[in-house]
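Open the model in your viewer and keep the selection box handy. We'll go stop by stop, with something to click at each one.

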Amino acid sequence: MIKTEKVLHLKSSRGRKVRVVREHYLRELVPCYSSLCQAECANEGKVLSADVTHYVVPDAGVTRDFMEILEFREIQGLVFTQTACQAVQHSRGRRQYNRLRSLLKDPRHDCVLFANEFQEYSYCPREKGEPQDKWQTRCVYQAAVWYHDHLAGLKPVVMITEDQGAVAEYSSLNCGVYVLSTLEYLRTFWPELQAAHELYGSIAQALRERGNEGTEREFAEHLPAEVLEAGIKSGRYTQGTLNVNKHRAQHEAFVRFDGSSNKNSELDSDVLVWGGKNRNRAVHGDMVAVELLPKGEWRGRTTALTEGQGEEKGEESQGQPMPTGRVVGILQRNWRDYVVTFPPREETQSQGRNSLRILATPWDQRIPKIRISTHQADTLQDHRVIVRLDSWDSTSLYPNGHSVRVLGRAGELETEVQTILIENCIHIAPFSEAQLREMPASSPERPWTVDPAEVVTRRDLRDTHLVFSIDPRGCEDVDDTLSVRSLPPGPQGPRLELGVHIADVTHFVKEGTLTDLEARARATTYYLADRRYDMLPAVLSADVCSLLGGVDRYAMSVMWDLDAQTLQVNRVWYGRTLIRSSYQLYYEQAQALLNGEESIEKTMEDHKLSHLIEALETLTQVARHLRAQRDQGGALELEGVEVRAQLDEDKNITALVPRQPLEVHETVAECMIYANHWVARKIQERFPQQALLRHHPPPRQEFFTQLQDSARALGFTIDTRSNKALADSLDQAVDPQDPLVNRLLRVMATQAMSNALYFSTGACPVDQYYHYGLALDRYTHFTSPIRRYADVIVHRLLTAAIAVEEGARPAKASASNKELEEMAQHINNKNRAAQHAQKVSMELFQCLYFRDKDPETAECCDAVIYAIRTNGVLVFIPQYGLKGALYLRNREGQVVRVSQDGRCVWEAGSLQRSLDHVSTTTASGTSTFRLFQHVTVRVSVQTSRCHADTLHLELVSNRAHRAPEPPDRTPRAAPPQGTRGRSQLVQEVVRQAEEALLQAEEKKGRVSELSKEEREFRQSKTPNLYSLLEEVREQALLDLTACGAVGGGPDLGTAARPCATSA
Amino acid sequence: MAGVELLSDQGYRLDGRKATELRKVQARMGVFAQADGSAYIEQGNTKALAVVYGPHEVRMSRSKTLHDRAVINCQYSMATFSTAERKRRPHGDRKSTEMSLHLKQTFEAAVLTNLYPRSQIDIYVKILQSDGGNYSACVNAATLAVIDAGIPMRDYVCACTAGFVDETPLADLCHAEESGGGTSLALALLPRGGHIALLQMDARLHQDHLETLMEAAMTACKGVSKVLDQVVRQHLQEVSALTGE
């Protein structure tokens, strides 16, 4: 047992002063975590390196206010004291403290925590009447002295503080322990670290300004935390996340509840927070407590569309009154880094001091303007700058912030792309030297080869199996390959062996290595419209892990022993293998082979080619069968709008091309879904508490309202009670005249979906494991470890599961449920950010594409109306996969009238809206716009200095646009709509027939071969969710929310959710 | 809301202990001359006083007399000044009645009551200062008092609490840890045979973790028993030295 010492602490709680006595145990052996330690401390984990010139100990004030500077990776040898950490926790809250903790855990940062208050000799009790900050400084100094003595004076120790008194008091007490102010420290030791100096200046300025605020109160004070907590418990206040309406950022915000905390059962919708006063300094994303206003003051959400920067007009069209409230307190700030644009000189106002306080406009419209004090206002005008928020007092109209880093001039491509990354909290630094050193060596001259010792431990499939891969053209990171062969017949009849072989990334990326940590932080590969940021270094993702054709590679395999007739699974084998991919096909090529166009590969030997074609055919058949099985379970076929930008060498957009689906996409996708499903079953069975799975919760019924209303306008009924019913009714909602109708309805259904999410099995009851979209009871991600970190975790789990089964205990205990759940959250967040960034970057390129065109000559295109608003309609442009708002009333109150020849003119008049059409009445006549009517629109770009550019649509004619596409511009455009519609119809019929067939056959217990005709007819099937993600890999656009986001008020339900479903 | 961090990343608890370390235990036996047996114990800042009278004839209602063994009568109370806020604590409130019952059950399991048929043993325990683990302090104090009274027992009864934070079992919770909202398990053990005299747990706990938590509590109880044994031996030495003179 260890000696004890007792200390008195004074503490007050519940407003009353209470004297609380706490014990405090001290010990002699507190690890110092320095590699120079002479006393043999029990240093486990991260230790400070010995090759720095000094160690630096920041005091509590510095840690609290200047943590951002200490986060620079260049500053090494940091010793945080426990005193300073606790000060951060007390004064800055959990968020900041967690940031400090993750800094301490991050092995890339050379910093440690020294528990000085538990060390017998470095602890100093607080004296009577001593102010807290003085005591903290004394503690930190004492700790610095102890640290210096503990290391026998081998390293000088520098303590940095902002307290000039402390500098004077302590600096000459001990030799070897220096006390400096932060500025002096930076000047002396890091004169070349310009960024740190600038950051210091900007933070210090912001701190100085904070002191002298006006006294006039602009907002009501927030209630103290205890009152809020009690109020939430009693049901008086409600807790939720604040969502600001992007299109009415000044006025409209909604509070969405987290399901569990909602005690008020009658509140099943969001709460509206109207106006800046009621919002009371809450910023988008904050966790707030709201109090409901009396029913008399309730308001409806605005249903009119607003034009870009349209002014609010007196007369507002409102929907049904909904619960309205005001923010009484903020439970958790959720501030991140924001990108702002500095205004040009004429707009800045001088404050009469030597510095300027500037109101900068954030890029994100939902964030209020931020007040920044800076000396650099002149040089920074029209630049985009990263800022962080510091505070928002009740006396100030705007929040205070400080600048962190300059991105560049607004409007330049590089700046804009960086802006997108920052706004989505994606921070990507190039891979470091140390990380690259961990990589296996491989160069064109001396390619990487397999290790003979490793070969013995793996199942060798090089000679026995015909393995091939099908990927997009030009794909470098091949992470999945397939194989199929027939086995000797068993007792039940002939058997097939289907194999899915996935790149064995975990063999190269061991848990806890620097590369692993970096990959974990990135969580996914980021695909923007014109570039990508890999999760793993290129040597792995494009070479050593990539399952390229003709070379030996390690793989992780799942192999099914199937009955050739019924496709019943006899046995499943999981394990590590060694493969050599024979063919590296791309989709179009594979499809051509299937179709019998043999002209493509002359180089292949004939007998091998026939083998390949045979395998492809078997595979297609298996995939169809699997798909039919899932369809019976209720798998949804959803539609996203996919367009990809074709770029030339200078990264200029040459065309926006919609994707064309092939059946082979689906074949590959189906095999991958099957593999994911079986792996999910396996790991869930083996680790019921800590397996990483992916689920897709059923959507909330109220989100289907728009879909149902639109469908009703056309006379279809959509049954949304279950996924099977939804899939069936979507299949029936086909308008023979207009194939787009079905497509649009599917898009709307997709929007209503919630996101599929990763989760840890211990954190969720079993009945919530269900994947709604795919209609599977267990699902995970296993097949793309090169570009998704979740797959890497699943690979590790699967390896551990195999090891357990073979009797060997896993070398390390797998992550606990809690860690895994945290990890799942992290990956979910990153995925969302990645999708959003991709979408925004695609929009950026769309704008660039349309900007380069001459607005006058820009040709018009066809659009379909899919939703009705009070002053306009929402349209979808199939040619570009665009969605946007079309205004029928302009700012002067004029409305569109359609003349006899279909041309449109603006005239004074009125606008009438009903459920399925909107009509404009003017002196010269009435014109009506119906749901799903085709119109012609012209696309132009609306530029904006502070925000992203947006596209503007203008009505040209109320008839469908018939001009044929010039063939040279969009070489791979979709086939003419008519044929597509027909083929879709055929496909529906065929599939229903097939399902019926399958049901009948299941009764009889046998399955007959599908006829060749059926195979041919089915080939234009629309892509499912999985193949959509495959498209993402080709940098295509997964734009599922745009229409909701443009819509403004009424469909906030969808607009507020950052991204839509994906499998 | 933002709860305090009960276990830091470095493995320290709020008061500087590691997860398995106990608070400092100090105890004295024979603090009162009038009583048959008495003891005082400090477990960290939790301080308890125990007094034992008996065995004597049954003074309560006659009907309670047992023919084959002694009746054990326990009474638990807390001083008004024992917590941070001063509070009058009348006799017989629910909490102390429950605690009395627990103590009674514990000692019925440990004391060799069948040696004293038709008699009664009174155990009175008072918490002077409360800082978490009241029950275990009471049990430990009462054990010493019973030994001081010279009443034969099967073994020491040692009690200790254990909690569960971040997948780690914590031994001997202090008040701040107990009120943190986590699980708390109280265990009274007869350490030599490993028999459990009483086990009590209030909050929810996943059944997978129960075993590790029990293990931690048992280890802690054994630690306590060592200290108690030392105290008894030292007391005996002092007493024998006095009588020897």
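Start by selecting Asp504(A) and Arg458(A): the two form a salt bridge, with their closest N and O atoms 2.7 Å apart. (A salt bridge here is a side-chain nitrogen of Lys or Arg within 4 Å of a carboxyl oxygen of Asp or Glu.) The pair links distant parts of the chain, 46 residues apart. Asp504(A) sits in the loop between strand S24 (493-503) and helix H13 (505-508) of chain A, and Arg458(A) in the loop between helix H12 (452-457) and strand S21 (459-460) of chain A. Helices (H or I, at least four residues) and strands (E, at least two) are DSSP runs, numbered from the N terminus. Both Asp504(A) and Arg458(A) are buried. (Buried means under 20% relative accessible area, exposed over 50%, and partly exposed in between, with a 1.4 Å probe and protein chains only.)

Before moving on, a word on what you're looking at: this is a predicted model, where local features need pLDDT of at least 70, side-chain atom pairs count only at pLDDT 80 or more, and totals for chains, interfaces and linings use all residues. Residues are numbered from 1 along each chain as its sequence is written, chains are lettered from A and ligands numbered from 1 in the order in which they are written, and side-chain values use heavy atoms, with hydrogens and water left out.

**Next stop: Val509(A)**

Move along to Val509(A), in the loop between H13 and helix H14 (514-522) of chain A. Is Val509(A) buried or exposed? It counts as buried, because its relative accessibility is 2%. Now show what surrounds Val509(A): leaving aside neighbours within four places in sequence, it is in contact with Thr515(A), Asp516(A), Leu536(A), Leu540(A) and Arg796(A). (Contact means heavy atoms within 4.5 Å.) Draw a distance from Val509(A) to Leu540(A) and you should get 9.2 Å, C-alpha to C-alpha, for two residues 31 apart in sequence.

For a contrast, select Thr379(A), in the loop between strand S18 (370-374) and strand S19 (383-391) of chain A. Thr379(A) has 57% relative accessibility, so it counts as exposed. Its C-alpha is 9.7 Å from that of Phe342(A), and the two are 37 residues apart in sequence.

**More charged pairs**

Select Arg138(A) and Glu127(A), whose side chains meet in a salt bridge (3.8 Å, N to O). Arg138(A) belongs to helix H4 (residues 132-150) of chain A, while Glu127(A) is in the loop between strand S5 (111-114) and H4, 11 residues away. Arg138(A) counts as buried, at 18% relative accessibility.

Hop to chain B and pick Arg17(B) with Glu177(B), another salt bridge, with the closest N and O atoms 3.7 Å apart. Arg17(B) lies in the segment before strand S1 (25-29) of chain B and Glu177(B) in helix H3 (residues 175-178) of chain B, so the pair ties together parts that are 160 residues apart in sequence. Arg17(B) is buried, with a relative accessible area of 1%, and Glu177(B) is buried at 4%. Back in chain A, highlight Arg336(A), Asp364(A), Arg366(A) and Glu423(A): salt bridges that share partners join them into one network. Over all chains, the structure holds 45 salt bridges.

**Two helices**

Colour helix H2 (residues 134-149) of chain B. Its 16 residues reach 22 Å from first C-alpha to last, close to the 22 Å expected at 1.5 Å a residue. (The expected span is 1.5 Å times one less than the number of residues.) Since 14 of the 16 residues of H2(B) are buried, it is largely enclosed by the rest of the structure. Right after H2(B) comes Gly150(B), with a positive phi near 75 degrees.

In chain A, colour helix H21 (residues 739-752). All of it is tucked away: 14 of the 14 residues of H21(A) are buried, so it is largely enclosed by the rest of the structure.

**Last stop: where the chains meet**

Show both chains together. Here 28 residues of chain B are in contact with 31 residues of chain A. The two chains bury about 2500 Å² between them, 50% of it on carbon and sulfur atoms. (Buried area is the accessible area, with a 1.4 Å probe, that two parts lose on being put together, summed over both.) How many salt bridges are there between chain B and chain A? The count is four. One to click on is Arg23(B) with Glu23(A), whose closest N and O atoms are 3.9 Å apart.
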